[in-house]
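This report walks through one model, part by part. Please look over the sequence and the structure first.

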Amino acid sequence: EKGGYDYFMLKEIAEQPKAVADTLLGRIDAAGSLCLDELRISAAELREVDKVVIVACGTAFHAGLIAKYAIEHWTRIPCEVELASEFRYRDPILDPRTLVVAISQSGETMDTLMALRHAREQGSKVLAICNTNGSTIPRESDAVLYTHAGPEVAVASTKAFLTQLVACYLVALYLGQVRGTKWGDEVGAVIRDLSKISHEVERVLRTMEPVRELARTLAGKNTVLFLGRHVGYPVALEGALKLKELAYMHAEGFAAGELKHGPIALIEEDLPVVVVVPSPRGRSVLHDKIVSNIQEIRARGARTIVIAEEGDEAVVPYADHLIRIPVTPTLLQPLVATVPLQVFACELATARGNEVDQPRNLAKSVTVE
Ligand code: M6R
């Protein structure tokens, strides 16, 4: 049932192009507009929304962090993202005009369930983004947008994450479509780019052998750091989480701009640092800033592992290892940038002799608070 792969995780990583395509299927009409009639929240209600609050845990939380950039950019609705386990204990400000989005692969995560119950008690509408039909979280929500990743067996989430991102983009674009904000060339173009993205994920998967080789050389390390900016920051967090879970290594993700506020003190000779580089097009200021971050850490001896777009030549002189990803619109970049980090963590776990599909101390669904 592992389809010829040694681990479910490898199979699930390989299934990502299909999972992404399936999650888009039937949700974009021939004219290139979104049809999400399956949401049982009316367009009129969505037009009233004045705040979006995303609650989730772990990898799903990282999808939420990325969603915030998309929602605020495309809809101009303020969006907060919060760990479900923290949410209700701080007496959050919620009302009927708040749209709460609960993201969960399993649909059974107790922290997320308790957060959404709290939100509904305050009169907010809850939209679940979930991969498991008929599970508790969608049953208790006002609306659900299912991700179509298929069953995810490995404890470490991979294909579910990519489909959560797709679902979040769909929600953001749909809010934009319904409300008419920023609904113009840009958003239409994003839908076209999204429709092509599964091929780009496929292309990334075909170029992963050097990433595996690199991972094997790092099996004896104790620490790996991850840096990113903008949507690359949650990608860095996700890369670090995968490594903790699978390789049992100390791994931390930082916003690259925070380096100088503390973490740069950690940099020492030969410390592996993975840097997710934003596109040099569009937000080029961010790109230039991250290139100087790479220079800074390399000058202090770090071994730089740089994930950058094809054609981005500015990073070449400072990259000890260069991992190329396809040219993608900035907000969609996490769909391609995360894949090498999944492969990296999986290979490191294997090299360290760890159980890939069932890491120690972890369960696939966390049904206790
Ligand atoms: O089923 P959920 O998406 O609600 O699970 C949330 C987290 O427990 C989950 O993403 C966890 O962090 C994964 N093991 C990450 O790989």
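Which residue with positive phi follows helix 12? That residue is Gly 301, with phi near 100°. The model is a predicted one.

**Helix 12**

Helix 12 covers residues 284–299, 16 residues in total. Its first and last C-alpha atoms are 23 Å apart. That is close to the 22 Å expected at 1.5 Å a residue.

Which residues of helix 12 are buried? They are Leu 286, His 287, Ile 290, Val 291, Asn 293, Ile 294 and Ile 297. Viewed down the helix axis, the buried residues fall within an arc of 155°, so they line one face of helix 12. The face turned away from this buried side carries Val 285 and Ala 299, both exposed. Strand 6 (223–228), strand 8 (272–276) and strand 9 (303–309) are included in what covers the buried residues of helix 12.

**Nonpolar cores**

In soluble globular proteins, nonpolar side chains tend to be buried together. Here the largest nonpolar core has 95 residues. Trp 74, Phe 226, Leu 243 and Phe 344 touch the most other members. Helix 8 (residues 159–179) supplies the largest share of this core, 14 residues. Another core, of 20 residues, lies apart from it. Leu 271, Val 273, Val 275 and Ile 294 are among its residues. Ile 294 is also one of the buried residues of helix 12.

What does Leu 243 touch, leaving out residues up to four places away in sequence? Its contacts are Val 224, Phe 226, Tyr 248, Met 249, Ala 251, Phe 344, Ala 345 and Leu 348. Two names recur here: Phe 226 and Phe 344 also stand with Leu 243 among the residues that touch the most other core members.

**Thr 112**

Thr 112 sits in helix 6 (residues 110–121). Is Thr 112 buried or exposed? Its relative accessible area is 1%, so Thr 112 counts as buried. Residues up to four places away in sequence aside, Thr 112 touches Val 55, Ala 56, Cys 57, Ala 84, Ala 102, Ile 103 and Ile 137.

**Ligand surroundings**

The ligand has 13 residues around it. Ser 104, Gln 105, Ser 106, Thr 109 and Glu 245 come nearest. Backbone atoms also approach the ligand, as the table lists.

| Residue | Backbone atom | Ligand atom | Distance |
|---|---|---|---|
| Thr 59 | polar atom | oxygen | 3.1 Å |
| Val 155 | N or O | nitrogen | 3.1 Å |
| Ser 157 | N or O | oxygen | 2.8 Å |

How values were computed: Residues are numbered from 1 along each chain as its sequence is written. This is a predicted model: local features need pLDDT of at least 70, side-chain atom pairs count only at pLDDT 80 or more; totals for chains, interfaces and linings use all residues. Side-chain values use heavy atoms; hydrogens and water are left out. Helices (H or I, at least four residues) and strands (E, at least two) are DSSP runs, numbered from the N terminus. Buried means under 20% relative accessible area, exposed over 50%, partly exposed in between (1.4 Å probe, protein chains only). Contact means heavy atoms within 4.5 Å. A nonpolar core is a set of buried Ala, Val, Leu, Ile, Met, Phe, Trp, Tyr and Cys residues joined through side-chain atoms within 4.5 Å. The expected span of a helix is 1.5 Å times one less than its number of residues. The arc is that of the directions from the helix axis to the C-beta atoms. A residue is near a molecule or strand if one of its heavy atoms lies within 4 Å of it. A polar contact is a pair of N or O atoms within 3.5 Å; within protein, one must be able to donate a hydrogen and the other to accept it, and residues adjacent in sequence count only if both atoms are side-chain atoms.
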